[in-house]
Structures are given as structure tokens and as C-alpha cells.
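Grab a pencil and work through these exercises. Try each task yourself before you read the solution below it.

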Amino acid sequence: MMFMAAKQSKKAGLPPGSLIYVSDEDMEIPESEKTVTVFAITYNESGFEEKKIESADDLKKLNPEDSSVPASTTWIHVTGLWDTEIVRVLGEKYGIDALTLEDILSMGQRPKTEAFENYIYTILKNITFDDAEKEIENNQISMITMEKTVITFAEKPCNIFDPVIKRIKKDGRIRKYGTDHLTYALIDVIVDNYFLVVEGFEEWFDEVEKRMVNHPEKESAGEINRMRTELFLFNKAVWPLINVTDSLEKSESKLIKKSTRVYFRDVEDHITRVVESVETGREIVTGIFDIYNSGISKRLNETMKVLTVISTIFIPLTFIVGVYGMNFEYMPELDWRYGYYVCLGLMLLIFVMMIAYFRKRGWF
Amino acid sequence: MMFMAAKQSKKAGLPPGSLIYVSDEDMEIPESEKTVTVFAITYNESGFEEKKIESADDLKKLNPEDSSVPASTTWIHVTGLWDTEIVRVLGEKYGIDALTLEDILSMGQRPKTEAFENYIYTILKNITFDDAEKEIENNQISMITMEKTVITFAEKPCNIFDPVIKRIKKDGRIRKYGTDHLTYALIDVIVDNYFLVVEGFEEWFDEVEKRMVNHPEKESAGEINRMRTELFLFNKAVWPLINVTDSLEKSESKLIKKSTRVYFRDVEDHITRVVESVETGREIVTGIFDIYNSGISKRLNETMKVLTVISTIFIPLTFIVGVYGMNFEYMPELDWRYGYYVCLGLMLLIFVMMIAYFRKRGWF
Amino acid sequence: MMFMAAKQSKKAGLPPGSLIYVSDEDMEIPESEKTVTVFAITYNESGFEEKKIESADDLKKLNPEDSSVPASTTWIHVTGLWDTEIVRVLGEKYGIDALTLEDILSMGQRPKTEAFENYIYTILKNITFDDAEKEIENNQISMITMEKTVITFAEKPCNIFDPVIKRIKKDGRIRKYGTDHLTYALIDVIVDNYFLVVEGFEEWFDEVEKRMVNHPEKESAGEINRMRTELFLFNKAVWPLINVTDSLEKSESKLIKKSTRVYFRDVEDHITRVVESVETGREIVTGIFDIYNSGISKRLNETMKVLTVISTIFIPLTFIVGVYGMNFEYMPELDWRYGYYVCLGLMLLIFVMMIAYFRKRGWF
Amino acid sequence: MMFMAAKQSKKAGLPPGSLIYVSDEDMEIPESEKTVTVFAITYNESGFEEKKIESADDLKKLNPEDSSVPASTTWIHVTGLWDTEIVRVLGEKYGIDALTLEDILSMGQRPKTEAFENYIYTILKNITFDDAEKEIENNQISMITMEKTVITFAEKPCNIFDPVIKRIKKDGRIRKYGTDHLTYALIDVIVDNYFLVVEGFEEWFDEVEKRMVNHPEKESAGEINRMRTELFLFNKAVWPLINVTDSLEKSESKLIKKSTRVYFRDVEDHITRVVESVETGREIVTGIFDIYNSGISKRLNETMKVLTVISTIFIPLTFIVGVYGMNFEYMPELDWRYGYYVCLGLMLLIFVMMIAYFRKRGWF
Amino acid sequence: MMFMAAKQSKKAGLPPGSLIYVSDEDMEIPESEKTVTVFAITYNESGFEEKKIESADDLKKLNPEDSSVPASTTWIHVTGLWDTEIVRVLGEKYGIDALTLEDILSMGQRPKTEAFENYIYTILKNITFDDAEKEIENNQISMITMEKTVITFAEKPCNIFDPVIKRIKKDGRIRKYGTDHLTYALIDVIVDNYFLVVEGFEEWFDEVEKRMVNHPEKESAGEINRMRTELFLFNKAVWPLINVTDSLEKSESKLIKKSTRVYFRDVEDHITRVVESVETGREIVTGIFDIYNSGISKRLNETMKVLTVISTIFIPLTFIVGVYGMNFEYMPELDWRYGYYVCLGLMLLIFVMMIAYFRKRGWF
């Protein structure tokens, strides 16, 4: 169980702003998959231009003013943060603070937004629900919103921004607005994806609930606990976003136009609903756990009833047969002609009475 | 168990303001019942006029100024949201924001109120308690309050607004006031209905409590948990209304007249009482669950006492008869004339002493 | 278990300000006891005059200026709210808002205070603890504080205000002050009575605690739960009063003189202490419930120890006697001269060792 | 269990400011110990003078200006509040409000501070931990801070203020400052004593924890519950002091000099630490209770294992010997030469296998 | 279990500002290890000078202006507080308030920051996780930030500040900034070390979780409780730091330059993440405890099933063999040729049916 966000300790004592990639999962990813891809889309109302950027040098040379779409908005998206050089170059080129660069490279940040003089820095998490492993997966997204440029960094490859790219290329309406609206659109797709995570949880919980009803004895406290923990981790990643969007909505920065603010309010509404769903989910987990525990107690009760019924019926009968198994010289019953049958009849009577007694007490 | 409000995910990545009807229960409703009905009531102090609107075209043509009751207030009520064209037409005709239209069509919104320049948008839930299924049912109501017109949208058919219609037609006093008072009257009937839901819960809980007393072993943790969950969902739909009415009471919008504010304060009082009833209900559920769990433990205790009493009495007696069932050559007691009766007497003595002992310990 | 304050639902859909008496307990009260009594005391520093008012007509004619004590303060007290006509007449005569009149007639209101232009409206609860039934009983008191007149309404007959009447008639000091001080005095006696309720709870809890120590097995989760519920209902009636007195203390209404405010602060202190006592009471109930549950587990442990000790001692012994009850042709021990005694001795040895073992493990 | 602070009810209906001594413990104190002692210390930078005051008359005659130390500060300390005449005389002489006098005489007040025009009134509790009874004891202290005089009232005799008296008489530095600093010094010794109470709790809890480890079966839920309750009562007496010292620090009264405020901040720090210790204590009690409950369950498990092992081993063996105790005419094994030994061997084998099985399952 | 921060009581009644070393652990440290070491580093942008200070006299003579690095920043670090004389001398030399000096010498302070006229006083805790003992260890650090000088006091020897010393000596960039930046750097290394503590907890919890899965019966409630307690103590030391850094960031003192504030915000971010990790840790402990308790109940269930199966199978069989062990004269079955085999067959049938029944109920 991982409960610290990242092995932050490896930076202990270093001066602030040291550019080191810090991630807990770094070792789990094979070296071959650590590819870094960068693209830049430049667009204005009338068109767009996309460039693949191969190296830090390409980045240095990048100049939107040279492009076929002048007076435009540029979005640079970096996937994979293993090449700290790219981050350094971008930081230098666009005047990004050393502490911001450090945060971009440190996984396990809390979602937050910080306004600097020339840019707004926003961190949030793209979260997916892994149906097979029944766990959520984090992908930390950093966004730098400047007057003409938006730079985004994704910790790991993901296709979360594909709908936005498509809207830029196909739909075009989004091209009418500036960097603030692009920022909104990117945050919006991330938040919309949270609903998919909620649905993942929902299916999982439904499945567990169904199993609880059919095979209560097979359920384990471990899984119920994992349900709670995963929800908790999801909540931790989501609820700080309420503050983020609230700050963006009420931001005094001139980078966020007044007309865009209502959109951030809309996103905040969505996040509030996700957070409320998580709260409902917790209520459900608590309920399942209570049912689980009651179930254990109830099954113990059932087991003990079986034992008690059997013992209560047969122990006295065994006593009776024991009596007539004694070897006393003088035991008149033993000599009776129908002694054996009387004895059997007596025992049958006791048996029937016992059964009747237990039935009356509702033990069957 | 449904814990997300609506399959919001189907809209992930779409541009804001896309008019798509989003509802979790959409599939449960047969296509034939998806009828959309619209009516418009135009009234002023001296009279009223009611129109059934059959199509989006009718809506376009609707002009309260043509009506027999000039200088009037118009209330347009749409039941059923399956025809997004009607919503679109209304939005266009009355200048409603795209995000508002999107919210109207998305089920599972949180109750909220938002003031726009030319209208106030309010979402709330009409809730009914299904006595048979023991669950609450949601019907999302959206209200657009403008200077001369109130537009309401109900997700599903319901007769919640009948008393208001009757008051407009019969009583007439309500016709003296404007759209703000109509908005109040509509919210008020919805809130008044919450008391019926509370009564539904009350009856349910009474029933369960009675069963708990009479047949504690038949109760299930599942039902108690459902009591908790339904209350939780009800609360989720109700308590944000405190903010809604508070905002309306303190609204700076000129659409809410000062004289109407005291009424919203009154509604807020009602909601506070509903929320407090829910809180009391939770306390009761917690109590029932505690009693339930104690009951399981207590019954286990009873079961074990039966087993222990029977075993403790008969196991030693069985040992004694076993002793005299041994086949040793030389066992003097066996040859005694009254050995058998002495043995029976001894066992009776032990039996009586055991019973006395258990009675003293209070096990009977 | 009643958890809604009153059958509010019977008013659903009625216009605001409808004068209907709404109470949950209405049916429990025999028709013959539904007597309405009204009196008016007019007083000034030098004297007082008391009038019994027999009908709504008497009320209409009531004119303090005609009385023998001019320039005076008048207190009208209505007991029993079954005659809505009296409330209507008072409302008309003194210019009381329709919503206020509606609240006066609706039982189950939350304690609150509302300042209107010409009066202050205060609702609170007179609560008594029924020692026999072990439950609290509510009596809703409404107060209208005007410049020259205080009108109070009590849901049911009670003698809570007797000390104040006595002070007006005998002591006289209270006659020096105006309506604000009378309001304070009335609230003060109600709050002072809460201490009696707290004492009632205290005695009840002491009794239950004593029983728990002496006869833990007779205690029931039901009673402990009722302790919690009654405390909860009491708290619900009391704690909103902190806001009420705070509002009165800080009231901007000129009806509350500055010199009276310190008294309301004093009452607020008292309520805070009542609320803290309730909190302590809850802590105690939690403790009792924990002890109760531990007690059930402990007694189960005791029962099982008895069973285990008896079984563990006698089952092996029964096995041994069974061995020598076998009918094998060739069993040398059976023919031994002292075989039987050796066998008995062996079993005694086992018995003693078992006892010693259990004693060592601390099972006795 | 006492959960109301004092039998406040005996004052119900009396006019405000009635001087009646109200205490729960009044009856527990023998009449002979109800002695009231009063002393007055007058001091200035150069010296001090102490007077024992024998009666209310002495008090009336008391005039610090007559003393050998002019322009001085006077501290009057009253121990025991059974003589309400003394309180009345002091109230009259120094112009103390009737409500304040009433509070001084009512035990069970919450700690609070109230600023009046000519004095500051502070209530707090001197608390001691009774090691033998394992309970905390309250001694209510009231302080009136005036420009030249501090009057303190202690409910019961105590030597809590001895260090301050000593510092006035010996050390002398304290004599340089005024009444505000004396107030601080008095509050400070009371708060410092709370650390002793915390240490008392600490020793108690250590003792219980040690017993839990060594003789878990002897522990009782009752004691753990008392730990919780005493902590709770202690907290109730301590935490309102944070507000008291905060109010004194930020007081707008000119009776508190600016230079003294930093001292009150220091006291507030101490109280915060006491409150945090209480919180830690609660965490520990919760932990102990959890361990206690787990212990009960675990011991039940142990008991049942013993029973199960014994039963599982001997019940089948007893069955086997029963088989060969049957009296069928034709049972070939009975006639075998070594039948008996084979049978014994078979049973030994079963016995060994059973033991091995239980060992493998880790039951030993 | 230690739950008070320090034996504060030994100072009860002393005047404020008494310089006495107060620590709970004082007795655990051998006298020989109570060495006090002091060093002073004076640096400016171009160089640095380090001095070991041997005695209080050395301290008095210390004058940074005499050093080879003029116009510089001086950092004086005191390790070990057993020599109160050193603290007194520093206090006198640099004009530190008596209350501050008292706090420096009192262990068990809460983290806090206080702005005085000529310095800022900050207390925080250096915490290490002892892997062997599984407990956290506190080292209280006090910092006095003045215009030209920073004085730090560590309760016990530790090498926490080594990275900062190294950066002053090697890296040099830090030498460009003033005392505020040094204060930041020192707080930063302390906070960075908290991540190591979090990792320590993480490893511990992982270990316990693994053991829970493999040998659930060996786990003890005691250890789980210690996990909770240690986390709680850690949290208590860490979370007040959020206020500390927030105060420093927003400090109005001119000792904190505006450019340094962003760094304190960065530290605050780190602390927030530590606090969130602690919260996650608590969630995990709660989960482990739930699993532990469910595990106990489940194992009890298993034990009882074994007992019930064995008893239910063999008790009826034993009854049957008892029947044919009776000594009645006339029992026809006994004389049957194959009576014995029929009886054995019958018992085998019952045995098989029982096994089938239990298998069907899922008890195997």
C-alpha cells in the first residue's frame, strides 16, 4: 500500500528548484517505454498547424510567429518527463520559475493552481480506473497558461486530450478563443473522465454487493477495505480541484478573461458532483462492511444453532441408552418383555418433543 | 446501487453547451411513455388563459401580448425532456445561456440557483417516496424566472404543480403577484411534498422497529442499510436547497422583489425542518442497527446457554452410566441389591443440583 | 418513533398564511381537554390588573388604555391553540403578519426569533421530563413582543409561567421594566426548567447504570437507545436557543433596550450549560452502550468457559469408561482384581489434573 | 455519574441576581468544614501588608488607603462561599453587578471572562487529580480584576495560590506590576497545575495499560469508560480557557496593560498544550478500548479452540469404543485374540493424526 | 505511553521566564552524553568563516564584525540545552525576551512562530523514525531569525543541518541571500526529512499488512494500536507547521523579504503533502484494524464449524452404538446374523449423508 505521494526524500537537502524527476512508479516502467513525445499546435480562427518536436533543440527553435497561422494561440504538449532537459529548455524559453519546474517534475503533487506574473500554473490528475486490477491510476498533468501559449506536461502517455485536439482540427469553434479557453477545455476533458472512474467504482461495488447476497461467506474484508482505500485515493486527487477551479473562476489574473469564468464555474459544478458521488460511494462501502460483519455474526449463530440442536437432542438420548447399558445385577426394566420397545418409544417421544420445542423457538 | 447521478460520461469531450438528454433511468422508461407535454398559462389580476402547446412550432408562435389577458405573467411548463428541440427553441426565444440549457437536459444535477442577467435559473428535485419499493424517486425540476415569464421543466410527468394551477384558476390571489411569487409558490409545493417523503420514511422505520421487537431474527442488515442509504440520498437532494432559498432570499437580482423575500425565508425554515428530520432519521437508523447487532450477539448467547446447560447436565451423567457399563470382573456396586436405584438417585441428585446452580446464575 | 416534527403535509399546496392548527399529538388529546384559556395582565410600576378573557369578542374589546393602570405594559397569554379564531383576532388587532400566525399554529417549529417592523416573534419549547414514561414532552411557546404588549401562546396547558405571574403580583420589581424585560423573564423561566429536564435524565441514567452493574443481563439495547434518542430530541429543542438569545442580545430592534441585553447574555450562558450537559449525557450513553456490548461478549465468554471446562473434563473420562465397556473377549485389565479401582483412580487423577490446569489458566 | 454542573433548578423562577449558594456537592461536605476565610494583601513596590478578615463588618471597614503601603495594589481572597453575606458586602463595596455576584455563588459555571465597565470578571476551575479515587476534583475560582484591587473567590479551601503569596512576600518582583499582572499570575498557577492533572491521567493510563498486557481478563470496560469520562470532564473545564485567555490578551479594557498581554498569550500556549494532551489521552483510551474488545474476542477464540480440540479428538474415539460395546451376537472382532490391542492401536493412531492436524493448522 | 509533552509541572508556580531545562527524556540520557556544542558560521557572498565556541565566555566575545567576512550573515548553532548559561548569555547579547528563552528550554512545545520587534522566533521538530523500535523520535529545534544573525538550538545532537552547512561551504549560492533565506533553508531540510519518516511508516505498515495476510492469527491489536498512536504523535508535530509557514509567508515583519515568501509557500505545500500522507496512513490503519477484527470473527467461525461438523456427525452415531450396547433381555436385532453389519452400514450411510449435507451448505 503506497500512501506517500512520491519518494520525495531523495531530494532532501537539495537547494530549491533542483530539476530531478521524482516518481514512485519510476522503477515499474521498463526503460524502453520511457519515450518522451512533444507536439506543438498553433492555431487561430482561420486555421491550425501541428508540429512534432523531436528534441530540445527543436524546441529552442520553435517560433509561432514564423508559422502559417499568425497572431495565434500555441499549445505545446509534452508526454513523459524522463528528459529533464526539455523541461529546462521550456522553462528558460518561457520564463518559468524554478520552483514551478521542480513541481512539474515531482510526481505526487496535490492539485493546485498558482498565479505568477506572466503565467498561471495548474496541476491536476488524469485518473483512470483499471477494471482488471480494480484500482485507480494516476497521471499527473501540469499546465502553464500564458498569454499566447499553453504548455502541458503529462507524466505518462495517455489519450485524454484527443477530443480537444479533434475539436481544434475539426470543429474549429474552440479556435475562436484564447489560451484561457483552451485551459478550460483541457481541464474539462480531465474532469469529464472522472465520471468514467465513478462508473468504474459503481460497477465494482455492484459486483461485490451481488456476490455478498449470493455467496456471503466468500467475501473478504480485504476487498471491502480496498474499495474504501481506492475511493479515498480518488477523492484525494479530486476534491482539491474544487479550490483550483474556484481560484481560476475568481482569479484576478488578466490571463483569464471574464467571459471564460462562467465555464470554470461549470467545471466546478461537475467536480462537486464527482465529490458527492465519492461521498455516496463511501456510504455504500460502510454499508457493505456493516452487512459483511453482521453476516459473519449471523453465520456463527447458524452454526451454533446446528450444534446446539444436535447436541440437545442426542446427548440426553445417549444418556438414556447409557443407563440401560449399565451392568447392575438387578435392573428390572431389562427383563421386561417389551422393555426395549418401551425404551425406544420413550426416546422417540423425547426426540419429537425436542424438535417441536426448537421449531416453536423458531430455530428451523 | 446507483451512486453517480447520471451517466455524465457519455458527454466526455464534447464542447460545452451540447444539447443532449442525459439520464440514468432513460432505458427503464418504455419508449411509448416518453411523451412531452407543454402548456402555457397567461394570467393577470383579472383573469387567465391556458394553452396546450403541441409542437416546437407552437412555441415559436407563442406571444403573451396577443392573449386576452394583457400585461400579464406567463408560466410555461414542459413535462418530459426527450424532445431537445423544444428546449432549444425556448432557449433561443428567451435568450437562455447554452450552459443553462445543457444543465436542464442533464439529470442528476445538484439543487442550485444561478443568477444571470435576464433570468434566474433554479434546479431542484421533486421527490416521492415509493411505499411498495421503499425507495425515493427523483424528478428533476428546472425553473427559469424572468421578468414576465416563468419556464419550468420536469424530467418526468408528475402532478406536483396541480395545487398551484388550481390556485391560479380558482383562488386568484396568487395572480396579483409577479413571476418571483410564482417561483416561490412552485418551490413551496415541492418543499411541502418533502414532508410526505419524511412521513413515508417514518412509517417504514416504525414498521421495521415493530418487526425488530417481535421477530428480531427475521430482520436483515440489508434492509437497515437500505434505510440509511435512502435517507442519505434524500438528504443529498434536500440540503443544498437551504443554500438555494438563502441565495434567493438575499438575491441582488431585481427579479426578486423585496416583498417576496420573506416567503423564501419561510421556505428555508421548512427545508431546515426537513433536514433536521433527516438527521433524526439517521439517529434512529443508527439506533436500530445497534439494536440489531446487539440482538445477534444476545441470541448467540441464548443459543450457547441452551447448549451449555444441556451439555453440563448430561455429560457428567453420561459419564456415570458409562462407569457402570464397564465390564470389570470385580465391581462391588453392580452386585448390590439396590445399586441401580442408588445410582439413579445419585444422578437425580446431580441433575437437581445442576438445575439449581444454573437457576442461581440466572440462566433460566 | 416520531421523527418529523408535525404532520406538515396536510398543508401541502395551500397558500402561505393559511390558519390551520397542525400538530402530531392532536389526536391523542381527548376533545374534552381542548379548552382554550386566555388572560391579560396589565401592569405598571404602581399596580396591576388581571382579566380573564372568555371569547374572541372579549379580545376585540380589550383596551389597556381603559384599565385602572394607565401607561402600562400588557401581557396576553393564550393557552391552547384549538380555537384559531382567537389567533386570527389577535393577529388583526395587533397587526401580526400572516406567516407569523401560521407559525404560531404549526407545532414542531424550530426555536427561532424573527424581528418584524412592529414586533419581535420568538418561538421556543417548554420541555418537561416525564419520569414514568422516561420521555420528554414538548410544549411550544410563541411570543410576540411589541412596544406595549407581549402576547404569548402555549400549545398545551402548563404552569411554567406561574413564577413570573407571582413576581408581577407580589414582588413588583419586574413591573418597573417594559415588554423586553418581560420577554426575558418568560424565556428565563423556560430555560431554568431545562435544568430540571437535565436532572431527570441524570436520575434515569444513574438508575440504568446501577442496574447495569447489578443485573447486566437484564439490560436491553432498546432502553440505551431510547436514552440516546430522548437526549437527541432534547438537544434539538434546546441548542437553536443559543442563536435565539444571541440574536436578541445583539438585536438592532429598538424593542430591546440596551440595559436588557446583558440579561439575554446571561440566559445564553444558561443554555450553553444545558447544551454542554447534553453533550456530557451523550458521552455517558456511549459509555453505557460500550459497557453493555462488552458485557454481552464477556458473558458469552463465561458461558463458553463453563461448557469447555465440563466438556474437557468429562469427554475424555467418558472415553475411558467406554473403553472398559467394550466387549472384547480378551481384555486383561477387566480380570484384574483391582482393575476397577485402578481405573477409578486413574480417572480421578485426570480429573484433578484438568482442574489444576484450568485453575492455572485462570478459568475459575 | 454527575453530568449537570449544579442543581441550578433550585433557582428556577427566581428573579435574576438572587444571591443563593448553588452547588451539587454541598451536602457531601460536613457542616463543620464549611468555614469561610478571607484575607487581604496590600502591596506596593516597597512592601506589603497582610490582614486576616474575620467578618463581613471587617470587610466594610477595609480601606487600603489607611494601610502602611499607600498607592498600592490590594488582593482580597475569599475561601468558601457558604456565607453569602460576605459576597453581598464585597459586591456593594466595589460596585459589582448582581448577575456577577449570582455567577460567583453558582458552582458549575463554564470558564469565561466578561468585561464590565469598572472590572473584568473571570471564572475558571482549579482542578486536582485524586490518585486514590481516580477522578478529578473541581474548585471553582472567580476573579474580579479592578484598577487597584483584585478579588478572588474559591469554592473550597485549597493552597493553589500559595506560590503567588510567596512571590509577593519573598521575591517581590511581582509587586512592581499592577492588578492585571496579579490576575495573570493567579491564572498562570492554576494552568500550571493542569499539567499535574495530565500527569495523574498519564500514570493512571500507564497502570491500566500494564494491567491489560499482564492480566487482560481482569480489566473491565467500566474502568476504561471512566478514563474516557474523566478526560472528557477535564477537557470541558479546560478548553473554554483558550477563549478566556484569548479574550484577555485581546481585551479592549484599559484594565489590561499592553505589556501584560504577551503573558496571557503565553498562558494560552500552555492551555493549548494541555488540550492537546487531553486529545492524545482520548486517542489512547480509544486504543485501550479497542485492545480490550479484541482481547475478549481473542480469548473466546482460545476457549473455543480448547473445546473444539478436545471434542474433535475424543468424540470419534468414544464412538469407536461404543461400537465395540455393542451387544450383537455376531461381532467377529470381539473374538479376535488381539482385537483389543488392535482397537487401542487404531485409536492411538487417530489421536496422533488429530493432534498432527491441529498442530498443522496452528491451533497449539 | 507518554502523552504529555513534558513534565511542565516542575515549573508550576515559578515566575515567568525562569530558565530551567524541562524535558521528559532527560533521565533516559546518560550524563556523559549531555555535551553541549556550539558553532558559528559567518558568511557573505565571497566567503565564510567557521568558529567552534567552547564556552559561554567565547560567546560573549563573539563579534562578526571582527571576522574576515564583513557585512555578513552569522549562523550560531547550539546543540544540547543542558547548559542554560549559554542560552542566558545569547539571550542577553541579542536581546531575546525571557519568555522566548523559557520556551527554548522547554521541550514539548508545539510548533509555532512568533514575531517580536527585533526577531522572529520559530519552534519546530526534527523527527526521525526509529526502524528497530518502530517509533518516532523528537528533536526540538528553536530558531531566532534576526537581521544579521540566525541562532538555532537543537535539543539533542543530530546531523539534520549538514546539507545546509555543505551548501554554505561548497555550493555558495545560498550565501547570496540573508537570514530569512537561511531560515527557510533550515526549515526546508527539516520538512524534507518528514518524507523519510513517512517512508518509515510506509514500510512498517507494508510489513504488518503482509504479516496479516500470511499469519493473521499472529497479529496483535497492540501493534495496530501503536501504528495509530505513532501516526497521531507524528501528525501532532507536523500539522501546526502549516500555520507556521503560512504565518512566515504572510509575515508583516520586515525580517522576511518579499522574494523569500514564495519559498515558504513551497515548504507549506510540502507540509500539506506530509499531512495528507498521514491522513492516508490513518485510513490504512483503520482498514488494517477492521480486517484484523473481521479475521478474529472469521477464525472463530472456522473453529466452530469444525466443532459442529465433528459433533453433528459423531453424536448421533454414538447414540446408535449406545442403543445396541443396552442390556435388554429381548432385543431382536442383536440376534440377527448380520445385525452388526447392518448397523455398521446404517452408520456409514448416516455418515455419508451428513458429509454431503455439510458440503452442500458449503462448510468445507
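**Exercise 1.** Which residues have the most contacts inside the largest nonpolar core, and how many residues does that core have?

*Solution.* Keep in mind that you're looking at a predicted model. Start with the count: the largest nonpolar core has 110 residues. Next, look for those with the most contacts inside it, and you land on A:Y324, B:Y324, C:Y324, D:Y324 and E:Y324. Now pick C:Y324 and list what it touches, skipping neighbours within four places in sequence. From chain B come B:M326, B:N327 and B:F328. Its own chain supplies C:M331, C:E333, C:L334 and C:C343, and chain D adds D:Y340.

**Exercise 2.** Find out what rotation superposes chain C on chain D, and what that says about the two copies.

*Solution.* First, the operation: turn chain C by 72° with 0.0 Å of shift along the axis, and it superposes on chain D with an RMSD of 0.1 Å. The two copies are therefore related as by a five-fold rotation axis. Then ask which residue of chain C comes closest to that axis. That's C:G325, with its C-alpha at 4.6 Å. Last step: only 17% of the interface residues of chain C are also interface residues in chain D, so the copies meet through different surfaces.

**Exercise 3.** Work out the strand order of the seven-stranded open sheet in chain A, and say what packs on it.

*Solution.* Walk across the sheet and you read β2-β1-β3-β7-β6-β5-β4, with mixed pairing. Check the edges: β2 (47-53) and β4 (112-115) of chain A each have a single partner strand, so one side of each is left without a neighbour in the sheet. From one strand to the next, the twist averages 15°.

Zoom in on one pair. Strand β1 (residues 37-44) of chain A runs antiparallel to β2(A), and seven bridges join them. Within that pairing, A:A40 has A:K51 as its bridge partner.

Now add the helices. Helix α5 (residues 179-214) of chain A packs on the sheet and touches β1, β3, β5, β6 and β7 of chain A; its direction makes about 25° with that of β5(A). Helix α6 (residues 221-238) of chain A packs there too, touching β5 and β6 of chain A, at about 5° to the direction of β6(A).

**Exercise 4.** Is B:I291 buried, partly exposed or exposed?

*Solution.* Locate it first: B:I291 sits in helix α8 (residues 258-323) of chain B. Its relative accessibility is 25%, so B:I291 counts as partly exposed. Leaving aside neighbours within four places in sequence, B:I291 is in contact with B:M212, C:A221, C:G222 and C:N225.

Conventions: Residues numbered from 1 in each chain as written. Chains lettered and ligands numbered in written order. Predicted model: local features only at pLDDT ≥ 70, side-chain atom pairs only at ≥ 80, totals over all residues. Heavy atoms only, no water. Core = buried A, V, L, I, M, F, W, Y, C linked by side-chain atoms within 4.5 Å. Buried < 20%, exposed > 50% of the residue type's maximum accessible area, 1.4 Å probe, protein only. Contact = heavy atoms within 4.5 Å. Least-squares fit on C-alpha atoms with pLDDT ≥ 70 in both. Pairing = 2+ DSSP bridges. Helix = DSSP H or I, 4+ residues; strand = E, 2+ residues; numbered from the N terminus. Axes fitted to C-alpha atoms, helices over the stretch in contact; angles between N-to-C directions.
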